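Reader: I would like a close look at a single part of this model, namely the place where the two chains meet, together with the strands that lead away from it. Please also say how far the confidence values allow the coordinates to be read.

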Amino acid sequence: MSVSKLHKAAWGFLALAALCLPNDAHAQVREVVSKEVAVGRSEATLRLEFADLERLEIRFSGGQVVVDGEVLGSYQPGGDLDAAWRALLGEAVALDDGPLSEMLADWTVPAELAGDPAGVAHEIDDALERALRETEPSVGDRVSVSVEDPGSLVETLLGSVSRLGLIEEALAGLDQAIMVHVGEDVVVPAGTVTEGTLVVIEGTVRIEGEVEGDVVVVSGALDLRDGGRVDGEVRLADARILRNEGSVRGGLVDVREDERAFESALRDSLRGEIEREVRDNLRNELRQLGRGEDDGLSIMAPFRPVARAVGGIFEKLVTILFLALLGAAALAFAGDNLDVIAETARRSPRRSAMVGFAGTILLLPVWILGAVALAVSIIFIPVAIAWLPLFPLAACLAALVGYLAVARNAGEWLADSNYPWTGWIRKSNGLIAMVGGLVGLMSAFIAAHVLSVAPVLRLFSGLLVFAGTVITIVAIQVGFGAVLLTRAGRRREQWSAYDPDAAWEAAMSSDVDIDDAMDPSPRQGGGSRPSRESDTEAGESKEGGDDA
Amino acid sequence: MRRIFLAAALAALATPAPVLGQSWRTVTMSRQLQGHDQLRVAVEYGAGRLTVRPLDGGLLYRMNLRYDEDSFEPVAELSGDRLHLGVESVRRGINLRGRESGELDLELARGVPMDLDLEFGAVRADIDLGGLALTDLDLSTGASESVIDVSEPNTSRMETASFDVGAAQFTMRHLGNLNAERIEVDAGVGALTLWLDGRWQRDANLAVDMGLGSLELRVPEGLGIRLRKDSFLTALDSEGLVKRGDVYESLDWDDADRRVTIDLDAAFGSVAVVWVR
């Protein structure tokens, strides 16, 4: 049982004991230990907590006035009642404890309120009064306590901690006149009517007559005889039933039933977990037995390398397919950029690789320094927060696009080659060229998987894996460098003055003197190396062949 | 600050009609002192402005909070000796709709012995722990601009005060008033300024672990300091210190009434010792 429960039970019981004493009713302001005033666009709420842990909540929200969860009435947002309530909260903000209690208790309905709002305001006033004016009722006529042995009350209070919680649970919600019997047996004789709630603690209650109220038995026994009748509930807390021959209109409640249900559910849950664990362990053991992992013998053993190789090849093919899909997307949405990157990688592979290598080394420092530079000023901190994940993401994207561009170049190269299995690669289709290149770049890995079928070729398989890894790293470096050089394909690299398209246009538009063209005599300065322009001119002539 | 907050609260109170696009809520919470012997106080705040100050009178705490009710909800829970204050997020993600930020103005009772755990994210924090009876202090912040002051001596003795700073401009004043035997500062990146002034009631140890950034130690004349440095690519401006073996010591180290040993572990950045009168 929690400490707060214990406190509550003790307070409840002590209050119960105190009720035995004749008291004059008097009122005083209750101590407010906690206050919360919440004001928002559509809500204005006051929450108070008192020293006895009771609470009061009055909430104006969504057009409704709610007190302790019950709708008291309605209000017009922005109307007089709303304004009056907010004004009250405005005063409450600055006050605490006694002054706060007095101010709230003294609050009266504003004179300008009329009609329904005034009615709701009166109810709020009443709720505040009830909660804040601590009235100790004279309850000699409401509660009677009968104790056979005065010591038994103390024993009940102090003898068992759990009993206090039990009593609290059993008495929860009872608000009628209560007759409490501690440590004694009670008899409701036949033909008699007892009004109010009958509470028997550590005793037996025998009911032969009628009880117009509830019967609560704590740590005792119920003997409901034939003809006995209870109009309300019968609550049994750690109590047993001797006879149940009469009638109970409100039903029979075992306040420990919830706990027992919880324990039962917990037990079921634990049992289920244990069963699952045992079943899983058994299944794993059987699986291991089937695999022959214990003794290394299995009928599947010879096929395992084949299965592994097929799995590896399949994995590579899926990777190629996935990369091809990304490549298709790149071609569709950034085809021109990919062209520029691929062209740069093809024309300047060494330069691209160097730039890619340098870029790779600088990635981490740039990332950290960028984050620091942005984080130093609080204004840029949100940018720094975005920088931290986005920069690595952009770098990965650049490497991927670069790799795809290099794959396309590789595919085009394979298409030009005379290898028999490259006939399906077409340079005219960028995607097919890229797929061909991907297959080519990963061919070492695929070959390694094929060789891994034979354990004696494991060394060659390892070498092929190494070769494939080197090829992949070089391709990524070249591609990444090309991406950096071309600013993600937005800036075309300048290689030389020669532009085939421009040269073709110039050749088509120029007038050629047939005679000069056919003249076999050497040109002026013939024999010496032609100038750059001469190179270009030679290149312009497609038929020139050699220079081109 | 409190006046501004109160004015904002009163303005909200005086404006019952809803304003379109506004979802700000103002909450004032307080709780009476009820003979608390020792408390464990946890304060959590995500983003906005944070103020913490000591509180006089019979209250345990008073909290004024302005927050976006669509994203957060206030927390003020006292359970046994645990007090949890601040806001909790009720929606995932960051609300980027508005540039207006929330505010938390928190006052904590003087004289109540407490283990204080402050955790805040991207905030501008102005925290004064002066006069509180701190028996333990843990402060953790993400990306913030924070000024932590201990304007009056701590009335309780503290074994360790820990500060975990992410990326921040972080200033701490009157560290001597913390009355701590050991002060640990773990900083990620940013600018860190530590004022070693205040009333040192005993010799103490200050451990600073800094990733990347600048550290400025402002040391009052008369306080003896010994600096042990374990750093990588970190520049040290050790004005007023003499090197003896592996450590740097202030000139009056042997004669100083109070001595602070500083263990510095830094990766990249700069460290400067500035003497103040």
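Author: What follows begins at the contact between the chains, moves along the strands of chain B, and then turns to chain A and its confidence values.

The model is predicted, and the contact between its two chains draws 33 residues from chain B and 27 residues from chain A. On the side of chain B that touches chain A, the elements giving two or more residues are α1 (2–13), β1 (24–32), β10 (134–149), β11 (158–173) and β12 (180–195) of chain B. Of these, β1(B) supplies the largest share, with 9 residues. Sorted by class, this side of chain B holds 18 nonpolar, 11 polar and 4 charged residues.

The strand β1(B) also takes part in pairing across the chains, for β2 of chain A (residues 32–39) runs antiparallel to β1(B) and is joined to it over 6 bridges. Within that pairing, Glu36(A) has Met29(B) as its bridge partner in β1(B). As general background, strands of a sheet pair through backbone hydrogen bonds, either parallel or antiparallel.

From the contact, one can follow β10(B), which is among the elements on the side of chain B that touches chain A, into its pairings within chain B. Strand β8 of chain B (residues 114–120) pairs with β10(B) in the parallel sense over 7 bridges, and here Asp115(B) has Asp136(B) as its bridge partner. Strand β9 of chain B (residues 123–128) is likewise parallel to β10(B), over 5 bridges, with Asp128(B) standing opposite Asp149(B). A further parallel pairing, over 12 bridges, links β10(B) to β11(B), and in it Asp149(B) stands opposite Arg173(B) of β11(B). Asp149(B) is therefore a residue to look at from two directions, since it stands opposite Asp128(B) in one pairing and opposite Arg173(B) in another, where a pairing requires at least two bridges between the strands.

These strands belong to a chain that contains 1 helix and 18 strands. Of the 277 residues in chain B, 45% are buried, and among its contacts with a separation of 6 or more, 58% are between residues 24 or more positions apart.

Chain A offers another parallel arrangement, an open sheet of 4 strands in the order β11-β14-β17-β20. Its edge strands are β11 (193–195) and β20 (247–248) of chain A, each of which pairs on one side only. The strand β11(A) is joined to β14(A) (residues 210–212) by 3 bridges in the parallel sense, with Val193(A) opposite Glu210(A).

Chain A also has a helix packing that can be described by its residues: α3(A) (residues 97–106) and α4(A) (residues 115–132) pack at an angle of about 140°, with axes 8 Å apart. Ser101(A), Leu104(A) and Ala105(A) of α3(A) make the contact with Leu128(A), Glu129(A) and Leu132(A) of α4(A).

As for confidence, chain A averages a pLDDT of 76, and 72% of the residues score at least 70. The mean is highest in β5(A) (residues 64–67), at 91, and lowest in helix α16(A) (residues 532–540), at 37. The pLDDT is below 50 over residues 1–12 of chain A, a stretch that has 20 contacts in the model beyond near neighbours in sequence. It is also below 50 over residues 519–548 of chain A, where the model has 18 such contacts. Where pLDDT is low, the predicted coordinates should not be read in detail.

Terms used:
Residues are numbered from 1 along each chain as its sequence is written. Chains are lettered from A and ligands numbered from 1 in the order in which they are written. This is a predicted model: local features need pLDDT of at least 70, side-chain atom pairs count only at pLDDT 80 or more; totals for chains, interfaces and linings use all residues. Two residues are in contact if their C-beta atoms, placed from the backbone, lie within 7 Å. Ala, Val, Leu, Ile, Met, Phe, Trp, Tyr, Cys and Pro count as nonpolar, Asp, Glu, Lys and Arg as charged, and the others, Gly among them, as polar. pLDDT is the predictor's confidence in each residue, from 0 to 100. A residue is buried if 20 or more other C-beta atoms lie within 10 Å of its own, exposed if 12 or fewer, and partly exposed in between; C-beta atoms are placed from the backbone. Axes are lines fitted to C-alpha atoms, for helices over the stretch in contact, and angles run from 0 to 180 degrees between N-to-C directions.
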